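User: Hi! I have a fold on my screen and would like to talk it through with you, starting with the surface and ending with the charged pairs. Could you walk me through it?

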Amino acid sequence: MAELKKAVLMMHTDRVQGELWKTALLTQQLDVIWENIPLDLVVYLEKFDRQKLPDLLIMDMAIKSPNSETLQSSSVCQWLSKQQVPTKVVLFNPRQEKIKDIEHSWALRRGASDVLPRLSPENLMAEVARVTALIGCSLITQPLEKIARSLGASSSGAIERESSDVDEAESKPKSRSETKNNSKNNQKSDAGDVVMYRGVRVRR
């Protein structure tokens, strides 16, 4: 009799990251369910037979309850703990390249097994390995390497296009007014060394 596949339930708010996670996890011979509509996860999980609950839940840590501003991660972790089921919860932050220590501690205090950053060509293998290890699966590396290479090619293509646009812009002769304005801006930058970061003026 064939061994049953491990099941993963995903709740992602970022469509691109959700697609990437789904593609990566399917290469690991896992059953993947992706729910990308607003729902109450505890109510959703209560409909499962206890024996058929997913082995792993990957959810965006910012997902809130449909009828309130409360984050669902705490209530989901608490519910699973009360049920005394082996389902693991991994929180996910698609808005960050690296998880801060305080964020990791926050996730563990809520009962999650781990918290992961957004997937990229550089971390794809490592992050998927962390997930498969949690549910006792061996990592299948070859298809992940292929995905990482294709992501890398897409990223480098975008960078080359941006670089080409910059080179083209720089090669155009500047008008007298542009040169004058740039000179003023440089003076201001040198004087105060202030930059804009996400809409806020900050000193370097």
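User: What share of the area that the protein chain exposes do carbon and sulfur atoms supply?

Analyst: Happy to start there, with the reminder that this is a predicted model. The protein chain exposes about 13,400 Å². Of that area, carbon and sulfur atoms supply 50%.

User: And what percentage of the residues in the protein chain is buried?

Analyst: A residue counts as buried when its relative accessible area is under 20%. The protein chain has 204 residues. Buried residues make up 34%.

User: In which order do the elements of the protein chain run from the N terminus on?

Analyst: There are seven helices and seven strands to place. Read from the N terminus on, their order is β-α-β-α-β-α-β-α-β-α-α-α-β-β.

User: Of the contacts with a separation of 6 or more, what percentage is between residues 24 or more positions apart?

Analyst: This value leaves aside contacts with a separation below 6. Within the set that remains, residues 24 or more positions apart account for 61%.

User: Let's zoom in on the strands. In which sense do E1 and E2 pair, parallel or antiparallel?

Analyst: Strand E1 covers residues 7-11, and one of its residues, Met10, has Trp34 as its bridge partner in E2. The chain gets from E1 to E2 through helix H1 (residues 15-26), in a right-handed β-α-β crossover. Four bridges join the two strands, and their sense is parallel.

User: Which residues form the covered face of strand E2?

Analyst: Strand E2 spans residues 31-34 and has two faces. Asp31 and Ile33 are on the uncovered one. That leaves the covered face to Val32 and Trp34.

User: Now the charges. How many salt bridges does a search of the whole structure find?

Analyst: Side chains of opposite charge can pair when their charged atoms come close. Here the search covers the whole structure, and the number of salt bridges found is five.

User: With which residue does Arg95 form a salt bridge?

Analyst: Arg95 sits in the loop between strand E4 (88-93) and helix H4 (101-109). Among the residues Arg95 touches are Thr13, Met61 and Ala62. The closest N and O atoms of the salt bridge are 2.8 Å apart, and the partner of Arg95 is Asp60.

User: How many residues apart are Arg95 and Asp60?

Analyst: The salt bridge between them links distant parts of the chain. Arg95 belongs to the loop between E4 and H4, and Asp60 to strand E3 (residues 56-60). Their separation is 35 residues.

User: Is Asp60 buried or exposed?

Analyst: Its partner Arg95 has a relative accessible area of 46%, so Arg95 is partly exposed. For Asp60 the relative accessibility is 0%. Because the limit for burial is under 20%, Asp60 counts as buried.

User: How far apart in space are Arg95 and Pro117, C-alpha to C-alpha?

Analyst: In sequence, Arg95 and Pro117 are 22 residues apart. Taken from C-alpha to C-alpha, the distance in space is 7.5 Å.

User: Let's move to Asp114. With which side chain does Asp114 make a polar contact at 3.3 Å?

Analyst: Asp114 is in strand E5 (residues 114-117). Residues that Asp114 touches include Val89, Val90, Leu91 and Leu108. Asp114 counts as buried because its relative accessibility is 10%. The polar contact at 3.3 Å joins its side chain to that of His104.

User: Which residue meets Asp114 in a salt bridge?

Analyst: The N to O distance in this salt bridge is 2.8 Å. The pair links strand E5 with helix H5 (residues 124-134), across 16 residues of sequence. At a relative accessible area of 33%, the partner in H5 is partly exposed. That partner is Arg130.

User: Which residues do salt bridges that share partners join into one network?

Analyst: Arg130 also forms a salt bridge with Glu127, with the closest N and O atoms 3.0 Å apart. Both of these residues lie in helix H5, three residues apart, which is about one turn of the helix. Glu127 has a relative accessibility of 7%, so Glu127 counts as buried. The network consists of Asp114, Glu127 and Arg130.

Methods. Residues are numbered from 1 along each chain as its sequence is written. This is a predicted model: local features need pLDDT of at least 70, side-chain atom pairs count only at pLDDT 80 or more; totals for chains, interfaces and linings use all residues. Side-chain values use heavy atoms; hydrogens and water are left out. Buried means under 20% relative accessible area, exposed over 50%, partly exposed in between (1.4 Å probe, protein chains only). A polar contact is a pair of N or O atoms within 3.5 Å; within protein, one must be able to donate a hydrogen and the other to accept it, and residues adjacent in sequence count only if both atoms are side-chain atoms. Contact means heavy atoms within 4.5 Å. Two strands pair if DSSP finds at least two bridges between them. A crossover is right-handed if, with the strands pointing away from the viewer, the path from the first strand over the helix to the second runs clockwise. Accessible areas come from the Shrake-Rupley method with a 1.4 Å probe; for residues, only the protein chains shown count as cover. A salt bridge is a side-chain nitrogen of Lys or Arg within 4 Å of a carboxyl oxygen of Asp or Glu. Lists of a residue's contacts leave out its neighbours within four places in sequence.
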